Amino acid sequence: MSAVDITASVFVLTGVALSVLAAIGLHRFGDVFARMHSATKPATLGLVMVIIGAGMRADDPETAVKLALVAIIQFITAPIGAHMVGRAAYQAGVELSDETAVDELADGVIGDGGQGLAEQRRRRHSS
């Protein structure tokens, strides 16, 4: 086993560990917003680690380029997708976890200054 094999294995195993942590976060976090964090950040980094490990073992440059494209597309689409899901969930009135300390969207980020949404949320939580 060469040094490249060992290094590639470390990258792949690290990526797998990060993906497992992301899966645990999806299960344990209290609301959709915290779960989005778990579904995007460690999972994306885990995928990149696996891609680096696989790229080190790639026999031809074409495979390495394809793997790099996968990583680039993942970095572009994951934050955008999470952002859109988060906004949609917030506008749909998904309840925040009891552990949520700051509601930045209620402070004027969405449409009417967030006043309508913030008021709807207060009414839901008080009833």
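## A predicted helical model, with a pocket and a patch

Confidence in this predicted protein bottoms out in helix 4 (residues 115-126), with a mean of 62, and peaks in helix 1 (residues 3-28), at 93. These are pLDDT values, the predictor's confidence in each residue from 0 to 100, and helices are DSSP runs of H or I, at least four residues, numbered from the N terminus. Where pLDDT is low, don't read the predicted coordinates in detail. Over the protein, the mean pLDDT is 84, and 83% of residues reach 70 or more.

Two ground rules apply. Residues are numbered from 1 along each chain as its sequence is written. As this is a predicted model, local features need pLDDT of at least 70 and side-chain atom pairs count only at 80 or more, while totals for chains, interfaces and linings use all residues; side-chain values use heavy atoms, leaving out hydrogens and water.

Now the largest pocket, at about 360 Å³. Closest to its centre, among 13 lining residues (an atom within 4 Å of a pocket grid point), are Phe33, Met36, Val102, Glu104 and Leu105. Helix 2 (32-56) and helix 3 each give two or more residues to the lining, and helix 3 gives the most, with four.

| Lining class | Count |
|---|---|
| Nonpolar | seven residues |
| Polar | three residues |
| Charged | three residues |

There are two salt bridges (Lys or Arg side-chain nitrogen within 4 Å of an Asp or Glu carboxyl oxygen). In one, Arg57 pairs with Asp5, the closest N and O atoms being 2.7 Å apart. Arg57 sits in the loop between helix 2 and helix 3 and Asp5 in helix 1, so the pair ties together parts 52 residues apart in sequence.

Notes. 1 Å grid on protein atoms, 1.4 Å probe; cavity = no way out; pocket = protein on both sides within 12 Å on 5 of 7 lines; lining within 4 Å. Points joined across faces, edges and corners; volume = space filled by probe spheres on them. Nonpolar A, V, L, I, M, F, W, Y, C, P; charged D, E, K, R; others polar.
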